[in-house]
Each structure stands twice: as C-alpha cells, then as structure tokens.
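Trainee: I should like to take a close look at a single part of this model. Please describe that part in detail and then place it within the chain.

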Amino acid sequence: RALSGLVNKSLLRRLPSGRYEIHELLRQYAEESLCQTPDCQHEAYDKHSDFYLALISRDAEIYTSHFMKVLQDIDSEIENVRMALHWAAEHKKQGLINARYTLFNYFEVRGLYREGVMLYERIADACRTSQDATMPLLRAVALNRLAMAKLRLSEYDQALANSEEALKLAREIGEAEEEAVALSGLSYTSMLTGDYEAACRYGEQSMAVIDERAPNAVMVSYL
C-alpha cells in the first residue's frame, strides 16, 4: 500500500518486472536527507545490508540444480549486493560467514576475482584489530577466500601466506571446516608450485579433518 501511494504520487515507477524505480534526483535527495540523521542512516544501511546478505546466504544450493537461479538472483541485485557487502565488510557483520561459499562461487563463475580480492582484503583488515571474540572466524573465512582468489590469479606466494594464516586462526579457535578449507588451499597451491610432497601432505590432512571433525562440510572446489 505504501509503495502504491508513492507510485500514485509519481515518486516511484513500477517496472514490468515488478520492481520499483526511483528517479535519480529523488534518490540523491532522500540519501542526503537520511545523512542528516546519522542514527537513522546507520539503521537503514544496516537493514539493507542484512536483507541482501540473506539473499546471498544460500550455500546449500551451490551444488544443486538451483545454483543458476542463485546466480541470476544475485545478478539482478548486484549493485545492491555490492553496497550491502561494502557495509558488511566495514562493520564486520557475521552474516558474511553464512554467505561464504555462495559469494565466492559467484565471484568465480562470473570471473570477478579482483573484486573478490578487494572485498576479502577489506574484511580481513577490518577484523585484524577487533577484540570481538567472533572476529577470528570471520577473518579466517576472509583469508581462505582471499587465498582462493589469489590462486586463480596465479599469485601463489600470497595465496600460500593467506592459507597459512587462515589455518593458524582456524586451529586456534577450533574451527574444523575452515581448517579443512585452508589445508585444501595449501595442498592445491603446493601442487601448482611443484611441491608435490607438501601437496599430498596437506591434502591428506584436509581429508582427515573432514572425516573426523567436519563430515558435513561444504568444501570449496580448488579444482
């Protein structure tokens, strides 16, 4: 009803897809007005970020026939998703953990590795100095995905360093799933750099962690 009222006043336009569009000048005016009340601005951006983090928190659908629909949903909202991710990274939102696999797989399928690097570096840096007890997990998640992106860009030394730090963090906090991901990353990067002995060792350790402590882990494929 509220949206219909705005349409009737020509403040919004309903598109054939069912979405609503606002004139850019009106959007700028609304944003400027919102900035004048910082508390309201923070609440609005926070709710916006939560909504779009929920949209991309669909890890269970990655390896199913629904994954193409997931990609399309993100494509259709990509500018909102990017804004939500920027806010989430700046404010170290835990919702990023729930989207860990969906988001990286989106970057990979769309070839957006550089964008992924920038996002994961921002998250990892934001978590570095925080005293919040939940930050090591978020930092480990970011470092593991940063390593994957660096690996795809053939930046092997940095990928190894990121995976090693993620592994250390995961072990310190007892996070088996991220430990397995870090070991898998170290295994594949070692293989690509010709250290086959290390590749086998890390690979065996990764599988042991999955078998013993993370049987339901949704592993990100490095292959």
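In helix α3, which residues are buried?

Mentor: This is a predicted model, in which local features need pLDDT of at least 70 and side-chain atom pairs count only at pLDDT 80 or more, whereas totals for chains, interfaces and linings use all residues. Residues are numbered from 1 along each chain as its sequence is written, and side-chain values use heavy atoms, with hydrogens and water left out.

The buried residues of α3 are Q41, S49, Y52, L53 and I56. Here buried means under 20% relative accessible area, exposed means over 50%, and partly exposed lies in between, with a 1.4 Å probe and protein chains only. Seen down the axis of α3, these buried residues line one face of the helix because they fall within an arc of 110°; the arc is that of the directions from the helix axis to the C-beta atoms. On the other side of α3, D39, K47, F51 and A54 are exposed.

The helix itself covers residues 38–56, which is 19 residues. From its first C-alpha to its last, α3 reaches 27 Å, close to the 27 Å expected at 1.5 Å a residue. That expected span is 1.5 Å times one less than the number of residues. Helices (H or I, at least four residues) and strands (E, at least two) are DSSP runs, numbered from the N terminus.

The buried residues of α3 pack against α2 (24–35), α4, α5, α6 (95–98) and α7 (100–109), where a contact means heavy atoms within 4.5 Å. Q41 gives a view of one such site. Leaving aside residues up to four places away in sequence, Q41 touches L34 and C35. The C-alpha atoms of Q41 and E31 are 10 residues apart along the chain and 8.5 Å apart in space.

C35, one of the residues that Q41 touches, is partly exposed, at 37% relative accessibility. The closest cysteine sulfur to that of C35 belongs to C40 and lies 11 Å away, so it is too far for a bond. A disulfide is a pair of cysteine sulfur atoms within 2.5 Å, and by this rule the count comes to 0 disulfides. Another cysteine, C127, counts as buried because its relative accessibility is 5%.

Two of the helices against which α3 packs deserve a closer reading. In α4 (residues 67–76) lies D73, which is buried, with a relative accessible area of 16%. When residues up to four places away in sequence are not counted, D73 touches L55 and R58. The side chain of D73 also makes a polar contact of 2.8 Å with the side chain of R58, and another of 2.8 Å with that of K69. Such a contact is a pair of N or O atoms within 3.5 Å; within protein, one must be able to donate a hydrogen and the other to accept it, and residues adjacent in sequence count only if both atoms are side-chain atoms.

In α5 (residues 78–90) the residue to note is E90, which is partly exposed at a relative accessible area of 46%. E90 and L119 are 29 residues apart in sequence, yet 9.8 Å apart in space from C-alpha to C-alpha. Beyond E90, the loop between α5 and α6 holds K92. K92 is not a glycine, but its phi is positive, near 55°, and its relative accessible area of 24% makes it partly exposed. A positive phi, about 60°, also occurs in S154, again not a glycine. S154 lies in the loop between α9 (135–152) and α10 and is partly exposed, at 45% relative accessibility.

As for the setting, the chain holds 12 helices and 2 strands, and buried residues make up 42% of its 223 residues. Its C-alpha atoms fill a box of roughly 70 × 40 × 30 Å, taken along the principal axes. Among the contacts in the chain with a separation of 6 or more, 64% join residues 24 or more positions apart.

Finally, confidence must be considered. The mean pLDDT, the predictor's confidence in each residue from 0 to 100, is 88 for the chain, and 91% of its residues reach 70 or more. By element, helix α1 (residues 2–8) has the lowest mean, 66, and helix α10 (residues 156–173) the highest, 97. Where pLDDT is low, the predicted coordinates should not be read in detail.
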